[in-house]
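Me: I would like a close look at one part of this model, the surroundings of one bound ligand. Please start there and work outwards.

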Amino acid sequence: MRIAILGGDGFIGWPTTLHFSNLGHDVAIVDNLSRRWIDAELGVQSLTPMDSIQERVRVWRQASGHSLGFEHIDVAQDYERFKAWLGAWRPDAVVHFAEQRAAPYSMKSDHHKTYTVNNNVNATHNLLNALVAVDLDAHVIHLGTMGVYGYTTAGASIPEGYLSVDVTLDDGSKMPREILYPPDAGSIYHMTKCLDQLLFQFYAKNDRLRITDLHQGIVWGTHTDQTRRHPQLINRFDYDGDYGTVLNRFLIQAALHHPLTVHGTGGQSRAFIHIQDSVRCVEIALRNPPERGERTKIFNQMTEVHRVRDLANLVAELTGAEVAHVPSPRQEAAENDLAVQNRQFLALGLDPIKLQDGLLAELVDIARKFIHRVDRSRIPSTSAWTRDIAAKLVTRMEEMQVVRNGSR
Ligand code: NAD
Ligand code: USQ
């Protein structure tokens with residue numbers, strides 16, 4: 001199959017590219033390298049040393065014998081170039097990772113909100129629009145997020161995309177219907193995934209595009225079978241306060257003997273999935289496309305649910321790290337219960353990697369090995385969701401400074 005990977009230089013895009021290439025598919029990466037520019041903007045770098053995309057492609061060809069295409073295109077801004085490339089290369093499937101994916105980055109300032117909305121919504125719309133324009137029936141697989149649902153369950157586990165409801169008709173009788181699960185975004189980033197869903201709904205109905213949306217939980221881990229094949233194929237690993245996700249951050253903090261930064265009580269429940277399983281799920285989705293004319297197919301791409309404080313305790317038990325409860329920079333429920341259905345992937349053969357089984361390897365192979373590359377000053381998460389929260393964070397930091405100075 002001919003597969004385009006939009007965002008193929010990123011954390012999930014790179015191992016997915018290698019996975020499909022290894023299976024013998026003809027794979028091309030489309031990426032504007034914006035994630036690398038954002039590292040420069042923030043003054044951070046991946047914990048793991050990443051080569052240029054051209055070098056990664058060269059090393060993969062040497063290691064595997066397979067070639068990869070690379071197109072340096074901004075999918076959100078270079079519509080005509082992207083359309084021309086799509087029309088000429090004519091992939092059978094397009095996997096769409098090409099979005100700004102960090103909630104804290106999306107909430108840093110009004111500029112970052114605008115950038116995230118423009119980039120993500122335009123990238124998605126340009127893809128759908130271009131497929132119709134060049135008359136291409138490629139299967140679109142998009143990475144959505146569990147965050148489109150919000151994280152509360154109202155007593156019933158979160159279904160896969162659609163909610164069964166009884167509509168009360170004018171004569172008082174009930175008519176069963178399935179609707180998109182009511183969106184409940186917790187950040188501008190998560191909001192863009194809600195907007196993407198509506199674009200998918202429209203294009204599946206109007207143009208009969210075949211679309212799969214994968215509502216994924218927080219991805220942890222670094223290596224997949226293919227990124228292990230050569231040191232220069234290593235995946236990126238973010239630990240900083242904007243892009244680092246919670247479990248990867250705790251592992252680095254433990255390796256650094258930095259207290260684990262639990263926001264608030266740590267009662268936030270979230271869904272998780274290992275990077276290797278994430279890649280497998282995309283492959284399963286590729287093999288099970290919707291029919292033309294079918295509504296968007298939605299899967300919940302997650303394998304387990306944990307509370308943040310339980311994760312911190314788990315990492316603390318493994319490493320002896322101290323757990324610190326710091327004020328949360330986010331507008332989020334301090335405590336929530338979460339239950340999520342993921343029957344579709346399990347029925348299609350997913351055999352999940354459990355957190356308990358992979359954590360130690362992650363700590364030894366990644367966190368401790370590359371700890372010399374960490375800048376400790378980039379650990380705090382300072383992007384505040386509102387002005388009030390920002391003011392409270394400043395006050396709290398000043399109080400901590402006074403305590404520290406006083407105790408000298
Ligand atoms: P990432 O930031 O590492 O990768 C995204 C890639 O897309 C980067 O290489 C970036 O340069 C590229 N990109 C962004 N905008 C682009 C544009 N306009 N044109 C071309 N390329 C562009 O992110 P990731 O962690 O690999 O996430 C991939 C996708 O999966 C995202 O859509 C994200 O929302 C989703 N997701 C990620 C997680 C997670 O925990 N990492 C969880 C759920 C969903
Ligand atoms: N948290 C801490 N301490 C930290 C960092 C985070 O307690 O040092 C807490 C946060 O307050 C939040 C939870 O951990 O309650 C998760 O935060 P996160 O940064 O790990 O994840 P999130 O911002 O939700 O975003 C990540 C990815 C995003 C993806 C999403 C899936 O960056 O691309 O869409 O996970 S989900 O969370 O299921 O919506």
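How do the residues of the shell around ligand 2 divide into nonpolar, polar and charged?

Reply: Eight are nonpolar, ten are polar and five are charged. The classes are fixed: Ala, Val, Leu, Ile, Met, Phe, Trp, Tyr, Cys and Pro are nonpolar, Asp, Glu, Lys and Arg are charged, and the others, Gly among them, are polar.

Some ground rules come with this model. It is predicted, so local features need pLDDT of at least 70 and side-chain atom pairs need 80 or more, while totals for chains, interfaces and linings use all residues. Residues are numbered from 1 along each chain as its sequence is written, chains are lettered from A and ligands numbered from 1 in the order in which they are written, and side-chain values use heavy atoms, with hydrogens and water left out.

Now the shell itself. Ligand 2 is surrounded by 23 residues (near means a heavy atom within 4 Å). T145, Y189, V246, T261 and E332 are the closest. Strand β10 makes the largest contribution to this shell, three residues.

The polar contacts of ligand 2 (pairs of N or O atoms within 3.5 Å; within protein, one must be able to donate a hydrogen and the other to accept it, and residues adjacent in sequence count only if both atoms are side-chain atoms) involve backbone and side chain. A polar backbone atom of V246 sits 2.7 Å from an oxygen of ligand 2. For R101, again through a polar backbone atom, the distance to a ligand 2 oxygen is 2.8 Å. R330 uses its side chain: one of its N or O atoms is 2.8 Å from an oxygen of ligand 2. Ligand 2 on its own exposes 740 Å², and the protein buries 96% of that (Shrake-Rupley areas with a 1.4 Å probe; for residues, only the protein chains shown count as cover). Two or more shell residues come from each of α7 (188–206), α8 (246–256) and β10 (260–263). These elements are DSSP runs numbered from the N terminus: helices are H or I with at least four residues, strands are E with at least two.

Y189 leads to the other ligand. It is one of the closest residues to ligand 2, and it is also among the nearest to ligand 1. Ligand 1 has 28 residues around it, with I12, D31, N119 and K193 also among the nearest. That shell holds twelve nonpolar, eight polar and eight charged residues. The elements α2 (34–42), β5 (139–145), α7 and β9 (218–220) each supply at least two of its residues.

The ligand 1 distances follow. A nitrogen of ligand 1 is 3.1 Å from an N or O atom in the side chain of N32. An oxygen of ligand 1 is 3.1 Å from a polar backbone atom of R35. At G10, a polar backbone atom lies 3.2 Å from a ligand 1 oxygen. Alone, ligand 1 has 830 Å² of accessible area, and the protein covers 98% of it.

Next to L33. This residue lies in the loop between β2 (26–30) and α2. Its phi is positive, about 60 degrees, although it is not a glycine. L33 counts as buried because its relative accessibility is 15% (buried is under 20%, exposed over 50%, partly exposed in between, with a 1.4 Å probe and protein chains only). D135 also has a positive phi, near 55 degrees, and is not a glycine. It is in the loop between α6 (110–133) and β5. At 62% relative accessibility, D135 counts as exposed.

R56 sits in helix α3 (residues 53–64). Its relative accessibility is 0%, so it counts as buried. The R56 side chain makes a polar contact of 2.8 Å with the side chain of D9.

Last, the empty space. The structure holds one cavity of 30 Å³ or more. The volume of the largest cavity is about 40 Å³. Its lining consists of Y162, L180, Q197, F200, Q201, D213, T296 and I298. By class, four of these are nonpolar, three polar and one charged. Helix α7 gives the most to this lining, three residues. So α7 recurs: it supplies the ligand 2 shell, the ligand 1 shell and the cavity lining.

How values were computed: On a 1 Å grid over the protein atoms alone, a cavity is a set of points where a 1.4 Å probe fits but cannot get out, and a pocket is an open set with protein on both sides within 12 Å along at least five of seven lines; lining residues have an atom within 4 Å of a point. Grid points are joined across faces, edges and corners, and a volume is the space filled by probe spheres set on the points.
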